[in-house]
Amino acid sequence: MASIFSPFRRGYRHLQYLAHEQPVIFYSCVIGLAGPVLALTVPAVRRNWLGYTPAEPIPTSYPLPKRPRKPVQGYEDE
């Protein structure tokens with residue numbers, strides 16, 4: 001049973017070593033592991049607990065009026 005957890009124990013001891021001897025590498029590992037976790041959890045937290053609603057989509061076309069179009073007269077259109 002101890003052999004199942006030994007890779008995790010060695011990994012934890014290696015992280016302890018990095019935290020003391022090479023903190024730059026340790027914190028880069030911490031930030032690198034926190035990124036995907038935050039990418040999965042932050043949108044759900046914003047939506048469920050903070051009441052975030054996305055903005056309405058920007059219109060992609062000009063709305064046409066709901067009436068018949070008048071023919072253009074003048075300005076040399078004859």
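Start by selecting Phe26: at 18% relative accessibility, this residue counts as buried, because the cut-off for buried is under 20%. Keep in mind as you click around that you're looking at a predicted model.

Leave Phe26 on screen and add the residue next door, Tyr27. Is Tyr27 buried or exposed? Tyr27 has 52% relative accessibility, so it counts as exposed, the threshold there being over 50%. Now show both rings. A search of the whole structure turns up one aromatic pair, and you've got it in view: the ring centres of Phe26 and Tyr27 are 5.2 Å apart with the planes at 70°, so this is an edge-to-face pair.

Time to zoom out and colour by secondary structure. The protein chain has two helices and zero strands. How much of the chain is buried? Just 3% of its 78 residues, and Phe26 counts as buried. Switch on a surface if you like: the accessible area of the chain is about 8,200 Å², with carbon and sulfur atoms supplying 64% of that.

Next, select residues 24–45. The unreviewed UniProt entry annotates this stretch as "transmembrane region". In the model, residues 24–45 are 100% helix and 0% strand, and the C-alpha atoms at the two ends are 30 Å apart. Extend the selection to residues 23–48 and you have helix α2.

Stay on helix α2 and pick Cys29, which belongs to this helix. Cys29 has 32% relative accessibility, so call it partly exposed. Then draw a C-alpha to C-alpha distance from Cys29 to Leu15: you should get 9.0 Å, for two residues that sit 14 apart in sequence.

Now travel along to Val45, also in helix α2. Val45 is partly exposed, because its relative accessibility is 32%. Add Trp49 and Leu50 to the selection. What do Val45, Trp49 and Leu50 form on the surface? Together they make a nonpolar patch, with about 380 Å² of accessible area between them.

For the last stop, select Arg46 and Tyr52 and show their side chains. Where does the charged end of Arg46 sit? Look over the ring of Tyr52: the charged end is placed there, 4.1 Å from the ring centre.

If you're saving views, good ones to keep include the edge-to-face pair of Phe26 and Tyr27, the nonpolar patch with Val45, Trp49 and Leu50, and Arg46 over the Tyr52 ring.

Notes. Residues numbered from 1 in each chain as written. Predicted model: local features only at pLDDT ≥ 70, side-chain atom pairs only at ≥ 80, totals over all residues. Heavy atoms only, no water. UniProt positions renumbered as here; feature names shortened; annotations may be inferred. Helix = DSSP H or I, 4+ residues; strand = E, 2+ residues; numbered from the N terminus. Patch = residues over 30% accessible without salt bridge, like charges linked within 9 Å, V, L, I, M, F, W, Y side chains within 5 Å. Areas by Shrake-Rupley, 256 points an atom, 1.4 Å probe, with all protein chains shown as cover. Salt bridge = Lys/Arg side-chain N within 4 Å of Asp/Glu carboxyl O. Buried < 20%, exposed > 50% of the residue type's maximum accessible area, 1.4 Å probe, protein only. Phe/Tyr/Trp six-rings, centres within 6.5 Å; stacked < 30°, edge-to-face > 60°. Lys NZ or Arg CZ within 6 Å of the ring centre and 35° of its normal.
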